[in-house]
Amino acid sequence: MAKKQRLDIVTPEKVVYSEEVDFVVAPGVMGELGFLPEHTPLVSALKTGVLRVQKDGKELKVAITGGFVEVKNSRVVVLADTAEREDEIDVERAEAAKKRAEERLAKGGQDIDIARAEAALQRATARLKAAGKM
Amino acid sequence: MQNARDIRRRIKSVKSTQQITKAMKMVSAAKMRRAQEAVQAARPYAIKFTDVLGRVSAAAGSAVSHPLLEVREPKKTAYIIITADRGLCGGFNANVIRRAAKELAEYDEPALITVGRKGRDFFRRREANIAAEFVNLGENISFKQAKEIAQFVIDKYTAGEFDQVFLVYSEFINTLTQRPTTVKLLPIETPAEGEEKNEEGAKKPKVSYMYEPNAESVLGELLPKYVETSIFRALLEAKAGEHGARMTAMDSATNNAKEMIRKLTLSLNRARQAAITKEISEIVGGAEALG
């Protein structure tokens, strides 16, 4: 059997995921980062997006917002602000949030916080992608 | 001596108070357990985070500059004060407030960020300078709430409106003990160096990391998060402490009520006995007079 690596996804509120996996793809700020066992030690900031985990031929998607990843000795630690596994995502809520953010961005104008609306849009998009709705 | 009816009424009222305090105690016990679990659930993140932060700041070197590391002459000081939204928890709020008020006296017009209704009300009455208030945090503290508070102070600090920021909260030691604690939040004093020495002292092979994009910008990401997690932890501990304090306070209230009921019952019996004795002696006296 192929060598595995440990993946821990931790948020300030709880440990979301902790298992032995084959392959991890994380949304790094410089582009996607793929980790196989025995990856060289690395620390990277992450952006809001979808993290993919491959384990025994099955793929799991986790929507994460913000945070960073540390890799060392075949151990991947993801510290994210929020992390939701695909089966935990509230699709309706994410869709509503996406619509709201899009409307706000489309309306434009001075009195809206563009950065905030964009961040909200990214979060909603990441959730929908992870849930397989996009 | 009070008459028997009045005493009976007192007993009844004390009993219903006792029921309330007993119920509150049990509710607090349950809530405290949950709050403690939240504190524990937050621990892995905090440990890992400090670990990575230490390493990254060591790698970034001491020359790195970041707005949150910038030490300025402390002209304007801000205090984040974490209290509970509700009372009936013994000295919990008073202890934090007293500690904060004492420290505030040393600064010239400090700005306050009050978290929790009790602290806000107190400092509002004192007409202190409240820069921001966060109330009604509810039972389940979420990281988002901590983030909001952190964002506020970070913005103010970066804008130069605050030169240093302290955090006063109640540290949860155990159910019976909560200790008011002050920590310096900004400028950040990197926890790096002390720990790094330990690692070298143990002669562990030092792993060299790749940083993406580079150590400085990773550090830039980490520092605001450090503020957030510190506040988050304080909020969680305060919540657990609040329930612990309330539980203890309600426990002693229940015991006091019990003691009071015991004493009242005793005097009720005495009063009743006295009434009976009086009646008998009146009858006897009346019979003698007739005979």
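Let's start inside chain B of this predicted model: among its contacts with a separation of 6 or more, 79% are between residues 24 or more positions apart. As for how much of the chain is tucked away, 36% of the 291 residues of chain B count as buried.

What is chain B built from? It has six helices and six strands. If you follow them from the N terminus, the order reads α-β-α-β-α-β-α-β-β-α-β-α. Chain B is more spread out than a compact globule, because its radius of gyration is 29 Å, well over the 19 Å that the globule rule gives for 291 residues. You can get a feel for that from the box its C-alpha atoms fill, roughly 115 × 45 × 30 Å along the principal axes.

Now over to where the two chains meet. Chain A brings 21 residues to the contact, and chain B brings 22. On the chain A side, β5 (42-45), β8 (68-72) and β9 (75-79) each supply at least two of the residues that touch chain B. Which of them gives the most? That's β5(A), with four residues. Sort the touching residues of chain A by type and you get twelve nonpolar, four polar and five charged.

Stay with β5(A) a little longer, since there is a pairing to look at. This strand pairs with strand β6 of chain B (residues 210-212), in the parallel sense and over three bridges. To find the spot in the structure, look for Leu42(A): its bridge partner in β6(B) is Met210(B).

How values were computed
Residues are numbered from 1 along each chain as its sequence is written. Chains are lettered from A and ligands numbered from 1 in the order in which they are written. This is a predicted model: local features need pLDDT of at least 70, side-chain atom pairs count only at pLDDT 80 or more; totals for chains, interfaces and linings use all residues. Two residues are in contact if their C-beta atoms, placed from the backbone, lie within 7 Å. Ala, Val, Leu, Ile, Met, Phe, Trp, Tyr, Cys and Pro count as nonpolar, Asp, Glu, Lys and Arg as charged, and the others, Gly among them, as polar. Two strands pair if DSSP finds at least two bridges between them. The radius of gyration is taken over C-alpha atoms; the globule rule is 2.2 Å times the number of residues to the power 0.38. A residue is buried if 20 or more other C-beta atoms lie within 10 Å of its own, exposed if 12 or fewer, and partly exposed in between; C-beta atoms are placed from the backbone.
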